[in-house]
Amino acid sequence: AESLLIPPDEAPTAEEIAAVPLSLPALGWNLRQFQVSNAAWAVHRLGSILAMGCGVGKSGTATAAAIAAARVGKCRRTRCYIYCPVNAMDQWLPYCVELEKEYQEVHIFSIDSAFNAAHQALDRSLGGAMIVDELHKLKSDASRRGIAIEKLRNGFEWSVGLTGTLLSAGAEGVLRVQD
């Protein structure tokens, strides 16, 4: 439990804040201050859960955070893998354009088929970043995709999870997602 307690004076460094891109040109928009702050916090903590409301730019915030994480050396620029529901895969394509400027390899995978890759021992020496969209779908300890994403996460140095509906996961689901 102590590891979950964050000292009140802990904050992202000036370098971590400065590394967050203020715009994502492939998308044609600028990040708002709350997105920059959330991205910098995710960089600082080696990842985070972005439990932000629906439609407020979680994907852009996660993209900016992954870019900043690579820029400050929190993870290697080898790869950035995005796991999301099948119906969101096309939505991630413009974000990949931005991520490809920082990472050598960028791929989108279905969260529902993550268990197909989990049996492979992902070599942590490859490093990189992992983004998991619709994190609340992993709320069950017994779900194959939840177990698979947990195993896959161990192959990356940095990760961020996105959910607009974390509270609907219930207390047990929230704890599972945080694990």
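A crossing of two helices is right-handed if the near helix is turned clockwise from the far one by less than a right angle. With that in hand, welcome to this predicted model, where the crossing of α2 and α3 is right-handed. The protein chain has 179 residues, of which 47% count as buried. Its secondary structure comes to seven helices and seven strands. Here is a tour by topic.

**Overall layout**

- Reading from the N terminus, the elements of the protein chain follow the order α-β-β-α-β-α-β-α-β-α-β-α-β-α.
- Among contacts in the protein chain with a separation of 6 or more, 79% join residues that are 24 or more positions apart.

**The nonpolar cores**

- In soluble globular proteins, nonpolar side chains tend to be buried together.
- The largest nonpolar core in this model holds 36 residues, and the members that touch the most others are Val20, Cys80, Trp92, Leu99, Tyr103, Ile131 and Trp158.
- Two or more residues of this core come from each of the helices α2 (33-44), α3 (58-71) and α4 (89-99), and from each of the strands β4 (79-84), β5 (105-110), β6 (129-132) and β7 (158-163).
- Helix α3 gives the most to this core, with eight residues.
- Another core lies apart from this one; it has 13 residues, including Ile111, Ala117, Leu152 and Phe156.
- For a view from a single side chain, try Trp92: beyond its neighbours within four places in sequence, Trp92 is in contact with Ser59, Ala62, Thr63, Ile82, Cys84, Ile108, Ile131, Asp133 and Leu162.

**Helix α2 against helix α3**

- The axes of α2 and α3 are 8 Å apart, and the two helices pack at an angle of about 45°.
- An angle of about 45° is over the 35 degrees that bounds roughly parallel and under the 65 degrees where roughly perpendicular begins, so α2 and α3 are oblique to each other.
- From α2, the contact draws on Gln35, Asn38, Ala39, Ala42 and Val43, while α3 brings Thr61, Ala64, Ala65, Ala68 and Ala69.
- Sorted by class, the contact of α2 with α3 has seven nonpolar and three polar residues, and no charged ones.

**Helix α3 against helix α4**

- Helices α3 and α4 pack at an angle of about 20°, and their axes are 10 Å apart.
- Because angles under 35 degrees count as roughly parallel, α3 and α4 are roughly parallel to each other.
- The crossing in which α3 passes α4 is right-handed.
- On the α3 side the contact is made by Ser59, Gly60, Ala62, Thr63, Ala66 and Ile67, and on the α4 side by Gln91, Trp92, Tyr95, Glu98 and Leu99.
- The contact of α3 with α4 divides into six nonpolar residues, four polar and one charged.

**Two residues of helix α4**

- Glu98 is found in helix α4, and its relative accessible area is 4%.
- Buried means under 20%, so Glu98 is buried.
- Setting aside residues up to four places away in sequence, Glu98 touches Leu24, Pro25, Ala26, Leu27, Thr63 and Ile67.
- Val97 also has its place in helix α4, but Val97 counts as partly exposed, at 41% relative accessibility.
- Val97 and Leu24 are 73 residues apart along the chain, and their C-alpha atoms are separated by 9.3 Å.

**Arg76 and strand β7**

- Arg76 lies in the loop between α3 and β4 and is partly exposed, with a relative accessible area of 36%.
- Apart from its neighbours within four places in sequence, Arg76 is in contact with Tyr103, Arg124, Ser125, Leu126, Gly127, Gly128 and Glu157.
- From C-alpha to C-alpha, Arg76 and Phe156 are 9.2 Å apart in space, with their positions 80 residues apart in sequence counted as the separation.
- Trp158 is found in strand β7, and at 0% relative accessibility Trp158 counts as buried.
- Trp158 and Arg76 are 82 residues apart along the chain, with their C-alpha atoms separated by 9.1 Å.

Definitions and conventions: Residues numbered from 1 in each chain as written. Predicted model: local features only at pLDDT ≥ 70, side-chain atom pairs only at ≥ 80, totals over all residues. Heavy atoms only, no water. Core = buried A, V, L, I, M, F, W, Y, C linked by side-chain atoms within 4.5 Å. Buried < 20%, exposed > 50% of the residue type's maximum accessible area, 1.4 Å probe, protein only. Helix = DSSP H or I, 4+ residues; strand = E, 2+ residues; numbered from the N terminus. Contact = heavy atoms within 4.5 Å. Axes fitted to C-alpha atoms, helices over the stretch in contact; angles between N-to-C directions. Parallel < 35°, antiparallel > 145°, perpendicular 65-115°, else oblique. Nonpolar A, V, L, I, M, F, W, Y, C, P; charged D, E, K, R; others polar.
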